[in-house]
Amino acid sequence: MRTAAEQDATRGPLVRSAHAKGITTLTLDSPGNRNALSVGLVSELYAGLEKAAEDGGTRAVVLTHTGNTFCAGADLREGGQSPGDLAAVLRTIVELPKPVVARVDGHVRAGGTGLLGACDISVAGPASTFAFTEARIGVAPAVISMPLLPRLDARAASRYYLTGERFDAAEAARIGLVTLAAAGDEDVDDLLAPVLDGLRRGSPQGLAESKRLVTAEVLRTFDRDTDSLAALSARLFASEEAREGMTAFLERREPEWVP
């Protein structure tokens, strides 16, 4: 039987692109590994963002997903993504001269939350759940902290970074991880529609300069911390403790440090 990685390699693009009415939609389409941040997916996402940046007909980018998971974080079958590559794609989202909007209606874990933090606006549907699970496998949310910590409620970040607890869309909106959360059976696309309508009405210059204002602090964080946090991430993923944590996760058992 082929592995999920082999299946993904033969099934076509891991990030699919479409364009309509001024909006370029990039869809994470690697359900075999829950849209994890594999080398291939990160590379294709970076390429899709760069292409959208150069497209004069694109007013905004929507980042969404297939399946029941927006992004599961690092691809543990690969031992975790390159910290430098992840930092580069997150910074590309933040620096893109066009707004990037996350459309989420599924699970978001670990590094996937970093994608939300990098986006300018994020809309979460009723099926969405969130968790920072890094500490449970022996690592830390290092690189993804650059777009996240400037935007998250500090006390909530302390709780969820440390405990790895799962929380819903309403809590994600309360702490600043997402912009809008669906209530009850409210449809995520109904929430998204007025956001996209507003972005379509913005001029390219107006959108770019307005985005520059609201992302300035996040970019200063990238300038200051990228090297040190990428080094921290690489060190943690290479540790014996992380190897035990990742192995336990893949084997669906508790790691050895759990009492």
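Contact, in what follows, means heavy atoms within 4.5 Å. With that settled, let me turn to the structure, which is a predicted model. The mean pLDDT of the protein is 94, and 95% of its residues reach 70 or more. Over residues 1-5, however, the pLDDT is below 50, and this stretch has five contacts in the model beyond near neighbours in sequence.

I begin with Leu 76. This residue sits in the loop between strand 4 (69-71) and helix 3. Setting aside residues up to four places away in sequence, Leu 76 touches Ile 137, Phe 237, Met 246, Phe 249 and Leu 250. Is Leu 76 buried or exposed? Its relative accessible area is 13%, and the limit for a buried residue is under 20%, so Leu 76 counts as buried. From C-alpha to C-alpha, Leu 76 and Leu 37 are 9.1 Å apart in space, with their positions 39 residues apart in sequence.

Leu 76 brings us to the largest pocket, whose volume is about 980 Å³. Its lining comprises 38 residues, and those nearest its centre are Arg 34, Leu 76, Thr 133, Ile 137 and Phe 249. By class, the lining holds 21 nonpolar, eight polar and nine charged residues. Which helix gives the most to this lining? That is helix 10, with four residues. Helix 9 (204-237) and helix 10 (240-250) each supply at least two residues of the lining.

Arg 34, another of the residues nearest the pocket centre, belongs to the loop between strand 2 (23-28) and helix 2 (39-54). Arg 34 is partly exposed, at a relative accessible area of 34%. Its backbone deserves a remark. Most residues other than glycine have a negative phi. Arg 34, although not a glycine, has a positive phi of about 60°. Ala 110 also has a positive phi, near 50°. Ala 110 lies in the loop between strand 6 (107-109) and helix 4, and with 9% relative accessibility it counts as buried.

Helix 4 (residues 111-118) comes next. Why is helix 4 described as largely enclosed by the rest of the structure? Eight of its eight residues are buried, so the description follows directly. The buried residues include four glycines by name, Gly 111, Gly 112, Gly 114 and Gly 117, along with Thr 113, Leu 115, Leu 116 and Ala 118.

Leu 115 and Leu 116 reappear in the largest nonpolar core, which has 53 residues; with Phe 70, Leu 90, Phe 130 and Leu 177, they have the most contacts inside it. Helix 3 (residues 83-95) gives the most to this core, with six residues. A second, separate core of 13 residues includes Val 123, Ala 182, Leu 191 and Leu 207. In soluble globular proteins, nonpolar side chains tend to be buried together.

Within the largest core, Leu 177 touches Thr 113, Leu 116, Ser 122, Phe 130, Leu 148, Leu 152, Phe 167 and Ala 172, leaving out residues up to four places away in sequence. Arg 151 stands 7.2 Å from Leu 177, C-alpha to C-alpha, and 26 residues from it in sequence. Arg 151 is found in the loop between helix 5 (145-148) and helix 6 (154-163), and is partly exposed at a relative accessible area of 26%. With the same exclusion of residues up to four places away in sequence, its contacts are Gly 117, Ala 118, Cys 119, Ile 175, Gly 176, Val 214, Thr 215 and Val 218. Of these, Gly 117 and Ala 118 are among the buried residues of helix 4.

Conventions. Residues are numbered from 1 along each chain as its sequence is written. This is a predicted model: local features need pLDDT of at least 70, side-chain atom pairs count only at pLDDT 80 or more; totals for chains, interfaces and linings use all residues. Side-chain values use heavy atoms; hydrogens and water are left out. On a 1 Å grid over the protein atoms alone, a cavity is a set of points where a 1.4 Å probe fits but cannot get out, and a pocket is an open set with protein on both sides within 12 Å along at least five of seven lines; lining residues have an atom within 4 Å of a point. Grid points are joined across faces, edges and corners, and a volume is the space filled by probe spheres set on the points. Ala, Val, Leu, Ile, Met, Phe, Trp, Tyr, Cys and Pro count as nonpolar, Asp, Glu, Lys and Arg as charged, and the others, Gly among them, as polar. pLDDT is the predictor's confidence in each residue, from 0 to 100. A nonpolar core is a set of buried Ala, Val, Leu, Ile, Met, Phe, Trp, Tyr and Cys residues joined through side-chain atoms within 4.5 Å. Buried means under 20% relative accessible area, exposed over 50%, partly exposed in between (1.4 Å probe, protein chains only).
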